[in-house]
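This briefing goes through one protein chain piece by piece, beginning with strands and a helix and ending with charged side chains. Please keep the sequence and the structure open beside the text while reading.

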Amino acid sequence: RLPVKVGEPGARTLRFHIPLQTGEQVTQNNERLALVDVRRRREKVLYIEGEPRYEVRFVREAVEADSNLQLVLLQRTAENKFLRLNVDGPTELVAGFPTSRADLFKYRAIVLGSIEASAFSQEQLRMLADFVNVRGGGMLFLGGRSAFGEGGYAGTPVADVLPFYISGDAVADSLTPFLELQVRVTPAGLQHPVTQHAVASRSGERPASPIVTVPVTSVNKVARLKPGAVSLLEGLSGRPRQPVLIFQRYGRGLSVALPIQDSFLWYMSASVPVEDVAFRTLWRQLLRWITSDTPDLLRVSMSAARVRPGGGTTIRAEVADSGFVRRNDARPIARIRAPSGAVRETPLEWVVDRDGEYQGAFASDELGIHVVRVTATGGPKSDGPLEDSTFVAVADLNAEFFGAEMRRPLLQRIADETGGRFYTPETMHKLPEDIALTKRGVTVISQMDLWDMPAILVLLVGLLSAEWAHRRRRGLA
């Protein structure tokens, strides 16, 4: 794993090279190219909080300097009263939490803080679940006295989205747990980009992160994880380990849970140096992560990011309306700009057996990076012209030099299933003898008249005579 910083937006080609080794015969596979699409846009995240608490202040402070994140806050300050911060206009969230799918689905991610399930209607709870499942957005669940099972989410559509199981009645269960957790990074967290910064350097160049040195607290019961969930951080409290950062894929989107109530201690603890950025880095990484794969109303992709000159690939476009219902009435057109500046248009056709998906062919002999920009218009439910773009690189792939090793199990299975034989350099001397003695060869089918085959003719005459003699002996002839 190599950390790479790419500052400017647009298509970038990363070249990875391995020096030539002693005695190496094939040098064409010592270099690999990777195409990276760097986009500059502001990801809009809705943060819903049910009570004033320190977590809100420090989370907002951690991400306010990130020009790629817009954290919109909807915080309940009293009954039916909400504080709105960082909104785009006076009408945004003026009535509180959105009541329509179109208003909610315009956000790319949601952070759900300590707010009870009864604060939402049944339809709003279903919209939250569909935000992840259908819209493909990311949702981050924070811990608190009104979160998860303690907030009455058991049995609601939101419980299906969570990466762990919750149960119990928040009203009947008065024994709220309080755990002080000493956090450590799990084996999965050691490799994940969100938590890699929390791992201390083995060489001692980087000190231990406050994420693994400063304890935090939790007031939520975390039962067993769901089958597809992965834990990145876990806490030790003398009891069984409690997951601290868990995620899973749910439908088209991503579900992440952080069941602690005071992550700001990783920033405000007296033992944390003023210049330490672990807390801010964690929150920026979290919000970027849950928005990284969120689709737009128009999503364009290529079946292959790199193709050889003259080789073909497929342009794919997925089109949806503001409620993220797939549209089959759009008219998408792809405009492809070659490195020389030449532009050509390719209409995309609807894939009949898949709603909202359109495809078109691409092929070019010009080397370099081609920009593919798709515009979709039309339809009675049109939300106006939609645009999205992607890139494809045309270059020599040298694919024959990669993966050229002998796959012995596969070759052996092919030989066994087809009645052939598998040879290695050590057994190749048997090949001429096996070819000479094998009973397999070319089969030729010849059709001949009956009188051209005397043996069969004599056999038939003999059978007829025997049958006549048998009937004569029995008195039947």
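Strand β3, which covers residues 43-49, pairs with β4 in the parallel sense, and seven bridges hold this pairing. The chain passes from β3 through helix α1 (residues 54-63) on its way to β4, and this β-α-β crossover is right-handed. What is described here is a predicted model, and the points below are grouped by topic.

**Strand β4 and its partners**

- Of the 10 residues in strand β4 (residues 69-78), eight are buried, so this strand is largely enclosed by the rest of the structure.
- Within the pairing of β3 and β4, lysine 44 has glutamine 70 in β4 as its bridge partner.
- Strand β4 is also joined to strand β5 (residues 81-85), this time by five bridges, and these two strands run antiparallel.
- In that antiparallel pairing, the bridge partner of alanine 78 is lysine 81 in β5.
- The hairpin formed by β4 and β5 has two residues between the strands, and asparagine 80 in this hairpin takes a positive phi near 60°.

**Helix α7**

- Helix α7 (residues 278-292) is made of 15 residues, and the distance from its first C-alpha to its last is 20 Å, which is close to the 21 Å expected at 1.5 Å a residue.
- Several residues of α7 are buried, among them the aromatic residues Phe279, Trp283 and Trp289, together with Leu282, Leu286, Leu287 and Ile290.

**Two open sheets**

- One open sheet consists of five strands in the order β14-β21-β20-β16-β17, and its pairing is mixed.
- The edge strands of this sheet are β14 (306-307) and β17 (343-347), each of which pairs on one side only.
- Inside the sheet, strand β20 (residues 368-377) and strand β21 (residues 386-394) pair in the antiparallel sense over nine bridges, and glycine 368 has valine 394 in β21 as its bridge partner.
- Another open sheet has four strands in the order β13-β15-β19-β18, and here the pairing is antiparallel.
- In this four-stranded sheet the edges are β13 and β18 (349-350), and each of them pairs on one side only.
- Strand β13 and strand β15 (residues 312-319) are joined by five bridges and run antiparallel, with valine 300 standing opposite alanine 317 in β15.

**Salt bridges**

- Side chains of opposite charge can pair when their charged atoms come close.
- In this model the count comes to 27 salt bridges, and one of them joins the side chains of arginine 41 and aspartate 296, at 3.0 Å from N to O.
- Arginine 41 lies in the loop between β2 (31-38) and β3, while aspartate 296 lies in the loop between α7 and β13 (298-302), so this pair ties together parts that are 255 residues apart in sequence.
- Arginine 41 has a relative accessibility of 30% and therefore counts as partly exposed, and aspartate 296, with a relative accessible area of 27%, is partly exposed too.
- Arg41 and Asp296 also belong to a network of salt bridges, in which they are linked with Glu43 and Arg108.
- Another salt bridge is formed by glutamate 92 and lysine 44, whose closest N and O atoms are 3.0 Å apart.
- This pair links distant parts of the chain, since glutamate 92 sits in the loop between β5 and α2 (101-105) and lysine 44 in strand β3, 48 residues apart.
- Glutamate 92 and lysine 44 are both buried.
- Arginine 241 and glutamate 234 meet through their side chains in a salt bridge of 3.5 Å, N to O.
- Arginine 241 is exposed, with a relative accessible area of 51%, whereas glutamate 234, at 14% relative accessibility, counts as buried.

**A buried lysine without a salt bridge**

- Lysine 226 is located in the loop between β9 (216-218) and β10 (230-236).
- What is the nearest side chain of opposite charge to lysine 226? It is aspartate 160, which is 5.2 Å away, and lysine 226 is buried yet has no salt bridge.
- Leaving aside neighbours within four places in sequence, lysine 226 is in contact with residues including Asp160, Phe164, Tyr165 and Gln248.

Notes
Residues are numbered from 1 along each chain as its sequence is written. This is a predicted model: local features need pLDDT of at least 70, side-chain atom pairs count only at pLDDT 80 or more; totals for chains, interfaces and linings use all residues. Side-chain values use heavy atoms; hydrogens and water are left out. Buried means under 20% relative accessible area, exposed over 50%, partly exposed in between (1.4 Å probe, protein chains only). Two strands pair if DSSP finds at least two bridges between them. A crossover is right-handed if, with the strands pointing away from the viewer, the path from the first strand over the helix to the second runs clockwise. The expected span of a helix is 1.5 Å times one less than its number of residues. A salt bridge is a side-chain nitrogen of Lys or Arg within 4 Å of a carboxyl oxygen of Asp or Glu. Lys and Arg count as positive and Asp and Glu as negative; His and the chain ends are not counted. Contact means heavy atoms within 4.5 Å.
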